[in-house]
Amino acid sequence: METKKAIGALAALAQESRLKIFRLLIQYGTDGLSAGKISKLAKIPNSSLSFHLKELTYTGLISACQQGRFLFYSANFAIMTDLISFLTENCCNGLCNPICNPISQKSVKTNK
């Protein structure tokens, strides 16, 4: 991933509503959700939802697919993976141990 694209993606996610939408769409996988369902589940009014969806779509983090009268939005897992790889490509100079490997983080327990 190019630095400019990573900055755009991170900037898009650095807003509470857009981060909430993106995390919600990650939960629903490739099936995605309709805009109405996103609005309801994320508790974001339709009046501002379209703006946030446009911003996330512009960066490539999500994509829209028309099905009948409805647009279904889904997370772009390839872009998400590219962003995570970009952020961690130089981790520990390529000698990562399990504690800092982003993929194994879910299994690591911390005492916070």
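Ala, Val, Leu, Ile, Met, Phe, Trp, Tyr, Cys and Pro are counted here as nonpolar, Asp, Glu, Lys and Arg as charged, and the remaining residues, Gly among them, as polar. On this basis, the lining of the second largest pocket in the predicted model divides into two nonpolar residues, one polar residue and one charged residue. The lining is formed by Phe-22, Arg-23, Ile-26 and Gln-27. Because Phe and Ile belong to the nonpolar class and Arg to the charged class, whereas Gln falls among the others, Phe-22 and Ile-26 supply the nonpolar part of this lining, Arg-23 the charged part and Gln-27 the polar part. The space in this pocket amounts to about 160 Å³.

The chain comprises five helices and three strands, arranged along the sequence in the pattern α-α-β-α-α-β-β-α. Of its 112 residues, 28% are classed as buried. Among contacts between residues at least 6 apart in sequence, 53% link residues at least 24 apart.

The largest nonpolar core contains 20 residues, and those with the most contacts inside it are Ile-21, Leu-25, Ile-38, Leu-53, Leu-56, Leu-61 and Ile-62. At least two residues of this core come from each of α1 (3–13), α2 (16–27), α3 (35–42), α4 (46–59) and β3 (70–75). The surroundings of one of these core residues, Leu-56, were examined further. When residues up to four places away in sequence are not counted, Leu-56 touches Ala-12, Leu-13, Arg-18, Ile-21, Phe-22, Leu-61 and Ile-62. Among these contacts of Leu-56 is Phe-22, a residue that also lines the second largest pocket.

Helix α4 also includes Ser-48. With a relative accessible area of 27%, Ser-48 is partly exposed, because this class lies between the limits of under 20% for buried and over 50% for exposed residues. The C-alpha atoms of Ser-48 and Ser-17 are 9.3 Å apart in space, while the two residues are separated by 31 residues in sequence.

A single salt bridge is present in the structure. This salt bridge joins Glu-55 to Lys-54, with a separation of 3.2 Å between the closest N and O atoms. The pair qualifies because the cut-off between a side-chain nitrogen of Lys or Arg and a carboxyl oxygen of Asp or Glu is 4 Å. Both partners are partly exposed, Glu-55 having a relative accessible area of 25% and Lys-54 a relative accessibility of 49%.

Key. Residues numbered from 1 in each chain as written. Predicted model: local features only at pLDDT ≥ 70, side-chain atom pairs only at ≥ 80, totals over all residues. Heavy atoms only, no water. Buried < 20%, exposed > 50% of the residue type's maximum accessible area, 1.4 Å probe, protein only. Core = buried A, V, L, I, M, F, W, Y, C linked by side-chain atoms within 4.5 Å. Helix = DSSP H or I, 4+ residues; strand = E, 2+ residues; numbered from the N terminus. Contact = heavy atoms within 4.5 Å. 1 Å grid on protein atoms, 1.4 Å probe; cavity = no way out; pocket = protein on both sides within 12 Å on 5 of 7 lines; lining within 4 Å. Points joined across faces, edges and corners; volume = space filled by probe spheres on them.
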